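Good morning. I will take a few minutes to walk through one protein chain, beginning with the chain as a whole and then going into its sheets and cysteines.

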Amino acid sequence: MPSDAYELTDRKTFPVEAIRRLFPALERSRDFIFFDNAAGAQVPQGVLDAVSHHLIENNVQRGGRYQKSRSVDQAIAEARQSVGLLVNAEAPAEISFGMNATSFMRLVSLGIGQMLQERDEIIVTDLDHDANIATWLALESSGARILWWRMRDDGRLHVDDLEPLLSSRTRLVACTVASHSIGTLVDVAAVGALAHAAGAEVFLDCVHFGPHGVIDVQAWNCDYLVCSGYKNFSPHMGFMWGRYDSLRRLPTFREDFIPDLPPFKIEVGTFVYENVAGMNAAISYLEELGRRCGSAQGSSRRQNIIAAMGAIRDYEALLSRAMLQVLRRNGATVYGIVDEDHVYSRVPTFCFNRDGLTPQSIAEAMACADIGIRDGHMYAPRLMARLGLAMDRGAVRASLVHYNTVEEIHRFGQVLEGLVAGGP
């Protein structure tokens, strides 16, 4: 397979040009730069094929006796197994499919709101997407007491600040794995260890981390985890992993004919089966990428996923360094981790401002140059306040994934340099 010219820190070459050819949107829009991946990534051809196949061959309801309906049942079962491998679940039954991560957050919060009792404290952060804050704040009317785990000035959540918040009253700690705004990673394994030592549960928002690294619910020792497929190279859908015993205890709304067992008690109503088929294909794409990037012959599916995500992490570290250099050269204020020696503590998502330029003017200029980025509050009002930014202006966000290139970063830098040179 052809490869590009960029070498990684482990001296292996990442086949970014060959990867880009697998994504029809990148092939069809060669002049457009997708730097808004935090709002949704593009999909490889195999995902489109899987969605099309379902809609043409098996666009029927599951649970019937005829073959097409049985094919839907089989496709969902296969996807459940694949997503279980992606997150390292103990069993496929721990995986539930639905519309999006936000709806799963609300489902879990409503259930936990009915089980507070003497453990009535919930810890949230000011680093998170508001979806993983507001849903827990809503439980205050049910008697929950909210405690805040605050980000420090270095753009990180420090577990040393979490420990004194934990007590015998702690019901749950809700936090992100990677900030969707500033790219910071959280030491969620340490969070899991501390929370469980206090007898509490852990709810992880893995939406933004999903396309950037290895997900391991067992190593992280969490109890619930949510992802959005459309950030993970599949169509719009969401999935949740939950520890089986936690899901069994969780009160949920369901019709009488639905078994009171996971995943059935979680998957109330019909979800988008064709998009679940697409998610399954997205995981197959990652497995193939792992084989191409050096996974050992005969490796398991999980090992191939790990190899893929490891190669992605290394390549994205190169992208992070290149982007930090461009932003620094153009006098931008970057929020979060800016030290190139610590790029493995972040993902290639960059939130920044530049004196003399509004976020809106930067985003508009990039749009005119066929570069898609985002401006505004990033659905994180508390983080904006923490950074001293007004909600009606916010910041600029450029978010990259492994199909982006250093050349695209340089083109981004040229546009930004022109803006800076033009002045206010």
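**Overall shape and contacts**

Start with the contacts: of those in the protein with a separation of 6 or more, 67% are between residues 24 or more positions apart. Please keep in mind that this is a predicted model.

The protein has 424 residues, and its radius of gyration is 22 Å. A compact globule of that length would come out near 22 Å, so the value agrees. Along the principal axes, the C-alpha atoms fill a box of roughly 65 × 50 × 35 Å. Buried residues make up 55% of the 424. The accessible surface is about 17,200 Å², and carbon and sulfur atoms account for 49% of that.

As for secondary structure, there are 15 helices and 13 strands. I will go through two sheets.

**The sheet with seven strands**

In what order do the 7 strands of this open sheet stand? The order is β2-β8-β7-β6-β5-β3-β4, and the pairing is mixed. At the edges are β2, residues 95-98, and β4, residues 145-149. Each of these has a single partner strand, so one side of each is left without a neighbour in the sheet. On average, neighbouring strands here are turned by 20° against each other, direction ignored.

Take one pair from this sheet. Strand β5 covers residues 170-176, strand β6 covers residues 201-205, and 5 bridges pair them in the parallel sense. Within that pair, Cys175 stands opposite Leu204 in β6. Helix α8, residues 188-197, lies across β4, β5 and β6, and runs at about 155° to β6.

**The sheet with four strands**

The other open sheet has 4 strands, in the order β9-β10-β13-β12, with antiparallel pairing. Its edge strands are β9, at 333-335, and β12, at 374-376, each of which pairs on one side only. From one strand to the next, the twist averages 30°.

Strands β12 and β13 run antiparallel and are joined by 3 bridges, with β13 spanning residues 395-399. One of the residues involved is Asp375, whose bridge partner in β13 is Val396.

Which helix lies across β9, β10 and β13? Helix α12, residues 301-329, does, and it runs at about 5° to β10, residues 349-353.

The loop between α11, residues 273-292, and α12 contains Ala296. With a relative accessible area of 52%, Ala296 counts as exposed, because the cut-off for exposed is over 50%. Ala296 and Ala307 are 11 residues apart along the chain, and their C-alpha atoms are separated by 9.0 Å.

**Cysteines**

How many disulfides does the structure hold? The count is 0. For Cys206, the nearest cysteine sulfur is that of Cys227, 4.0 Å away, and Cys206 is in no disulfide. The cut-off is a pair of sulfur atoms within 2.5 Å, so a separation of 4.0 Å does not qualify. Cys206 has 0% relative accessibility and therefore counts as buried.

Cys222 is also in no disulfide; its nearest cysteine sulfur belongs to Cys206, at 8.3 Å. Is Cys222 buried or exposed? Cys222 is buried, with a relative accessible area of 0%.

That is the end of my part.

Definitions and conventions:
Residues are numbered from 1 along each chain as its sequence is written. This is a predicted model: local features need pLDDT of at least 70, side-chain atom pairs count only at pLDDT 80 or more; totals for chains, interfaces and linings use all residues. Side-chain values use heavy atoms; hydrogens and water are left out. Two strands pair if DSSP finds at least two bridges between them. Helices (H or I, at least four residues) and strands (E, at least two) are DSSP runs, numbered from the N terminus. Axes are lines fitted to C-alpha atoms, for helices over the stretch in contact, and angles run from 0 to 180 degrees between N-to-C directions. Contact means heavy atoms within 4.5 Å. Buried means under 20% relative accessible area, exposed over 50%, partly exposed in between (1.4 Å probe, protein chains only). The radius of gyration is taken over C-alpha atoms; the globule rule is 2.2 Å times the number of residues to the power 0.38. Accessible areas come from the Shrake-Rupley method with a 1.4 Å probe; for residues, only the protein chains shown count as cover.
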